[in-house]
Amino acid sequence: MGIEPGPRPAHPHTRTARTSRRNPEEARMTGYRAEKDQLLRRLRRVEGQIRGLQRMVDTDTYCIDTLTQVSAATKALQSVALQLLDSHLAHCVHDAIAGGGTEADLKVAEATQAIARLMRT
């Protein structure tokens, strides 16, 4: 009989397929759209590498061999991340800078934070 809580507000950094924190159109327009098929192929390859790692652990494969495959999967994911970052800079950030205003500053700051996260991995 208490008060029912209302819907929780979305976290300011959460994006859905329909909306973006700054611009509803932004969620539908990604810089990697032209490379989407290539990215998906690469991610499926990484997925296969991860499944292979699971099999290696399951079959008690020698540690160094397993670590070598972990390194390969990590490099493959880093490659995907760099491709996404390149597309973001070339399209999203470039377009924001061309448009000027505070959106450009926000996009540059967002890209800088993404680069910092990638460097920590």
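The legends below describe close-up views of a predicted model.

**View 1. Helix α1, residues 36-58, in the predicted model.** The 23 residues of α1 should span 33 Å at 1.5 Å a residue, and the C-alpha atoms at the two ends of the helix are 33 Å apart, so expectation and model agree. Just after α1, Asp60 has a positive phi of about 55°.

**View 2. The buried residues of helix α1.** Leu39, Val46, Gly52, Leu53 and Met56 are the buried residues of this helix. Helix α2, residues 63-99, is included in what covers them. One of the buried residues, Leu39, is touched by Leu84, a residue of α2.

**View 3. The salt bridge between Glu47 and Arg51.** Two salt bridges are found in a search of the whole structure; this view shows the one in which the side chains of Glu47 and Arg51 meet, at 3.0 Å from N to O. Both residues belong to helix α1 and are four residues apart, about one turn of the helix. Glu47 has a relative accessible area of 42% and is therefore partly exposed. Arg51, with a relative accessible area of 41%, is also partly exposed.

**View 4. The salt bridge between Lys107 and Glu110.** Here the side chains of Lys107 and Glu110 meet at 3.8 Å, N to O, which lies within the 4 Å limit for a salt bridge. The two residues lie in helix α3, residues 102-120, and are three residues apart, about one turn of the helix. Buried means under 20% relative accessible area. Lys107 has a relative accessible area of 4%, so this residue is buried. Glu110 counts as buried because its relative accessibility is 13%. In the bridge of View 3, by contrast, Glu47 is partly exposed and Arg51 is partly exposed.

**View 5. The surroundings of Leu84 in helix α2.** Leu84 counts as partly exposed, with a relative accessibility of 32%. When residues up to four places away in sequence are not counted, Leu84 touches Tyr32 and Leu39. Of these two contacts, Leu39 is among the buried residues of α1. Gly31 is also shown: Leu84 and Gly31 are 53 residues apart in sequence, and their C-alpha atoms are 8.0 Å apart in space.

Definitions and conventions: Residues are numbered from 1 along each chain as its sequence is written. This is a predicted model: local features need pLDDT of at least 70, side-chain atom pairs count only at pLDDT 80 or more; totals for chains, interfaces and linings use all residues. Side-chain values use heavy atoms; hydrogens and water are left out. The expected span of a helix is 1.5 Å times one less than its number of residues. Buried means under 20% relative accessible area, exposed over 50%, partly exposed in between (1.4 Å probe, protein chains only). Contact means heavy atoms within 4.5 Å.
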